Each structure stands twice: as structure tokens, then as C-alpha cells.
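The following account leads from the overall form of a protein chain to a few of its local features. The reader may wish to keep the sequence and the model in view throughout.

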Amino acid sequence: MGDTTLPEPLVDALVFDWGGVMTVSVPEFVGAWLHAEAIDRDVYNRIMREWLSRDARPGNPVFRLETGELSVAEFERLLAAELITTSGEKVDETGLLRRMFGGATPDPAMVELVRKARAAGLHTALLSNSWGEGYPKDLLIELFDTVVISGRVGLRKPDERIYLHTLEQIGVPAGRAVFFDDAPVNVEAAHAVGMHAFRHTTADTTRAHLATLGVTL
């Protein structure tokens, strides 16, 4: 009989984004909120392009929210002032982000994937740009050895410093870590610091990417 032992993984640490990776997709939960509150999608999309795209100007409300410079209440006031509803109703600024992210439920398949990875002895980490602190704390404790949230450290993806900070917290060189995010710009930034990095679409595709690095879950 031949040697049936599995090869050693090429990575020691798995790093995951939260919204759109560990949860259902962003278009799914944001779309449900837009529909529920009759918010004009074109207006919302324009605002997000201005505040969140590659061409977004530094110092805009999203950047300041994600680095902790702007409070949730202040951001909600700014966003509500920009939004328009198809019904003519004013958007309620109080609790706006909680309502927007209300449908951002954890993806059971990804929860299981990370659970298996941690049980297998791999270091698991969360690297998330925060829009407030609506994370399920018990689940984060269960799934992740390391948690890096932008608003707590004053840095946001795709700033290379937040990736380097995360690697320092984990204690591995960039080439021994793999990163998954649903935003291409964040994936590219992880590549630039030397991490393995892939765009997440589904748990199955992420599992397949991991398999190329010798991680079988």
C-alpha cells in the first residue's frame, strides 16, 4: 500500500471578512432592507459608489465610520439625509444600520467551514470593516482565534496596515495565511502584502480555493 497521508497545508491561518462572507450576500440583505423601507435603489447605489468605490474620496462618511472616527448615530444621520423613498416618507435615521444589517444572518455553510478549520488546528481570524458593532459575539468567540475589527484599530481595508496588523496578531508570515473577502479591492490588497487571497462567492468555491492550498475541509 502507498502512503495515504495528506500533504501538509501550505497555510497555517485562514482569515475571513464578515459581511458577505460569513453572512448571506450583501445584495441579499441590503436588497431586503431597501425593499422593506421603499428606498430608491438608484439613489442608494449612487451614494455607495461615492462613499465606497475605488474612487471614493478619503474622509467620506463610510471611511470615517469604518475607522471609528464617525459614530454610528452620526453616520445614520448623514445617510438618512441622502436617501429618498419611493413613497415620499422620510427615512428614520434612528437604528438605520441595525435595520440595514438586520438580514445579515450567518451563512450556515461558512460557519461549519470555519468550525471545521479551527477544530483541525488551523488558526482562524476575522478581519472586518465595521459598520457599528452588530456582530454575534458568542459566534465570534466560537469561530475565531483572532478578531480584527476596523473601528477598534482605527484602520480599514484595503489599507495594507490592517493586513499587517492582523498577521502580527496571528503570528504568521503573510505567505502562510489565506484571506477571503467579497470585495475585489480588499482581495487585491491582501495579495499585495504577500497573502494568499481569493474573492468569496459561496462556501463551496471557498472550500475549493482552500483545497488548492492543501486545506481539505
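The radius of gyration used here is taken over C-alpha atoms, and the globule rule is 2.2 Å times the number of residues to the power 0.38. The model under discussion is predicted. For 217 residues, a compact globule would have a radius of gyration near 17 Å; the protein chain has 18 Å, so the value agrees with that of a compact globule. The C-alpha trace spans about 75 × 30 × 30 Å along its principal axes. The secondary structure of the protein chain consists of 11 helices and 5 strands.

Buried residues account for 45% of the 217 residues in the chain. The surface exposed by the protein chain amounts to about 11,000 Å², of which carbon and sulfur atoms supply 53%. When contacts between residues at least 6 apart in sequence are considered, 60% of them join residues at least 24 apart.

Helix α1 is a convenient place to begin the local description. This helix covers residues 26-36, and its buried residues are F29, V30, G31, W33 and L34. In an α-helix there are 3.6 residues a turn, so residues three or four places apart point the same way. The buried residues of α1 pack against α2 (41-52) and α5 (96-100).

Between α1 and α2 lies a loop that contains A38. The phi angle of A38 is near 55°, a positive value in a residue other than glycine. Most residues other than glycine have a negative phi, and most peptide bonds are trans. Is A38 buried, exposed or partly exposed? Its relative accessible area is 24%, and because the class of buried residues ends at under 20% and that of exposed residues begins at over 50%, A38 is partly exposed.

A second backbone feature is found at P158. The peptide bond that leads from K157 to P158 is cis, with omega near 10°. P158 belongs to the loop between α8 (150-153) and α9 (160-170).

Aromatic side chains provide the next theme. The structure holds 9 aromatic pairs. In one of them, the ring centres of F180 and F198 are 5.7 Å apart and the planes meet at 25°; the pair is therefore stacked. This pair links distant parts of the chain, with F180 in strand β4 (residues 177-181) and F198 in strand β5 (residues 196-199), 18 residues apart. Both F180 and F198 are buried.

F180 also leads to helix α11. T206 is located in this helix, which comprises residues 203-211. With neighbours within four places in sequence left aside, T206 is in contact with F16, M110, L113, F180 and H200. The contact with H200 includes a polar one between the two side chains, at 2.7 Å. T206 counts as buried because its relative accessibility is 0%.

Ring pairs also join F29, W51, F75, F101 and W131 into a cluster. Of the members of this cluster, F29 is among the buried residues of α1, while F75 is placed in helix α4. F75 counts as buried because its relative accessibility is 0%. Which residues surround F75, leaving aside its neighbours within four places in sequence? They are W51, P61, V62, L65, L70, L97 and W131, each in contact with F75. Across the model, the C-alpha atoms of F75 and D182 are separated by 23 Å, and these residues are 107 apart along the chain.

Finally, F63, T67 and R156 may be considered together. The charged end of R156 sits over the ring of F63, 3.8 Å from its centre. The backbone oxygen of F63, in turn, lies 3.0 Å from a polar atom of the T67 side chain. T67 is situated in the loop between α3 (61-66) and α4 (72-82). Not counting residues up to four places away in sequence, T67 touches S150, G151, G154, L155 and R156. R156 thus appears both over the ring of F63 and among the residues touched by T67. T67 counts as buried because its relative accessibility is 13%, and the limit for that class is under 20%.

Note on methods: Residues numbered from 1 in each chain as written. Predicted model: local features only at pLDDT ≥ 70, side-chain atom pairs only at ≥ 80, totals over all residues. Heavy atoms only, no water. Buried < 20%, exposed > 50% of the residue type's maximum accessible area, 1.4 Å probe, protein only. Helix = DSSP H or I, 4+ residues; strand = E, 2+ residues; numbered from the N terminus. Contact = heavy atoms within 4.5 Å. Phe/Tyr/Trp six-rings, centres within 6.5 Å; stacked < 30°, edge-to-face > 60°. Lys NZ or Arg CZ within 6 Å of the ring centre and 35° of its normal. Areas by Shrake-Rupley, 256 points an atom, 1.4 Å probe, with all protein chains shown as cover. Polar contact = N/O pair within 3.5 Å; in protein donor to acceptor, adjacent residues only side chain to side chain.
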